[in-house]
Amino acid sequence: MSRRAHPVKPWIVYGLGILLLVTGTVSFARRVSALEPVTGLDWKQSSGGAVVLSVEPGSPGWGAGVLPGDRLVRVDGRPIDNVVQATEFPWTVSPGGTAKLELLRAGKPVEVALKPGWRPLTPRVPVYAYLSLVGLAFLVSGAFIALRWPRARGGIIYAVLCASLFILLVYSPTGEADLLDWSVSWLDLMAGAMVPALLLHLAIALSRRAWRHGRLGLIVAYTTAGALAVATIWLVTFGGRYLFESPAAALELRDRVQLLFLVASVPLAVQLFTRSYARSSSALHRSQMRWMLWGLGAGLVPFIVFYAVPWLLGASIPSWVELSV
């Protein structure tokens, strides 16, 4: 592999790497220390505004006397016009504080005092910490390739994939809805949509035309990623999920489609690398393919077999499956 002139300036690689590392560190610190409010209320949008879809038994909402079918009119005197505001109001209550909810129940006004509960936003900090270390390894690896062998076949694609994996594994919003949290959320959503397409792009680039329909495959992969990104932004950022009968089910469907995209991309990438390995006469290229196959096999196959596929099929996931990470 030749070390010719960089297709991108080294200072760009350093600058982006430092920016990702700093924001990732801040995101990690905020996430592990963050608390989230718990009300036990699930909302749906109606023509009149935000209506309680369900109330979890034993939750703060249950204890306050909120019932399914109640329409939220005001919180502490502030009008509530839609389900987005109804979902976000618990974040405005300080830990230990109480919110006064004005409801309409069968056309009659009802007032309740709701004291949200609080719990750690990240209950499994060791797992998140381990994922963050893996993400850091990806970032360093991608930066190394981008700086040392930027013109190697698939080098830039690999670097972008590594940066996306770092974002996917490390960046995690807290729900505080400030500028940094919105930025982290958007980047995390984009990375989740793009990683499968980038993996397929890398496989096609490194496989040396082991698939004659590679260009069509790239078009399909990036079109799928773009559609998934747009749908995700609409559902999560612009409140599209509240147009569904169950917002939680809408988000779960999004998660299933995104995971299905990843599950489909891995065996296809493995097939491309295997065919390229079998057809290549170059010892260096065969070594590359061998490393990619070992990496995918050891790094992603256990996750797909023990977690992704059972979850997609609706099976219960035992706690030991976290070891597949």
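A cavity, in the sense used here, is a set of grid points where a 1.4 Å probe fits but cannot get out. With that in mind, let us walk through this structure, which is a predicted model.

Start with the enclosed space. The count comes to 1 cavity of 30 Å³ or more, and the largest cavity has a volume of about 30 Å³. To find the largest cavity on screen, look for its lining: Ser-27, Arg-30 and Arg-31, then Ser-172, Pro-173 and Thr-174, and finally Leu-180, Asp-181 and Val-184. Helix 1 (10–33) and helix 6 each bring at least two residues to that lining. The lining is a mixture, with 3 nonpolar, 3 polar and 3 charged residues.

Now turn to the nonpolar cores. The largest nonpolar core holds 23 residues, and the members that touch the most others are Leu-161, Leu-199, Leu-202, Leu-206, Ala-269 and Phe-273. Two or more residues of this core come from each of helix 5 (155–170), helix 6 (179–206), helix 8 (247–279), helix 9 (283–299) and helix 10 (301–312). Helix 6 is the greatest contributor, giving 8 residues.

For a closer look, pick out Leu-199. Leaving aside residues up to four places away in sequence, Leu-199 touches Leu-161, Ser-265, Val-266, Ala-269 and Leu-296. Apart from the largest core lies another one, made of 19 residues; its members include Trp-43, Ala-99, Leu-101 and Leu-114.

Helix 6 is a handy landmark to keep in view: helix 6 supplies at least two residues of the cavity lining, and helix 6 also gives the most to the largest nonpolar core.

Methods: Residues are numbered from 1 along each chain as its sequence is written. This is a predicted model: local features need pLDDT of at least 70, side-chain atom pairs count only at pLDDT 80 or more; totals for chains, interfaces and linings use all residues. Side-chain values use heavy atoms; hydrogens and water are left out. A nonpolar core is a set of buried Ala, Val, Leu, Ile, Met, Phe, Trp, Tyr and Cys residues joined through side-chain atoms within 4.5 Å. Buried means under 20% relative accessible area, exposed over 50%, partly exposed in between (1.4 Å probe, protein chains only). Helices (H or I, at least four residues) and strands (E, at least two) are DSSP runs, numbered from the N terminus. Contact means heavy atoms within 4.5 Å. On a 1 Å grid over the protein atoms alone, a cavity is a set of points where a 1.4 Å probe fits but cannot get out, and a pocket is an open set with protein on both sides within 12 Å along at least five of seven lines; lining residues have an atom within 4 Å of a point. Grid points are joined across faces, edges and corners, and a volume is the space filled by probe spheres set on the points. Ala, Val, Leu, Ile, Met, Phe, Trp, Tyr, Cys and Pro count as nonpolar, Asp, Glu, Lys and Arg as charged, and the others, Gly among them, as polar.
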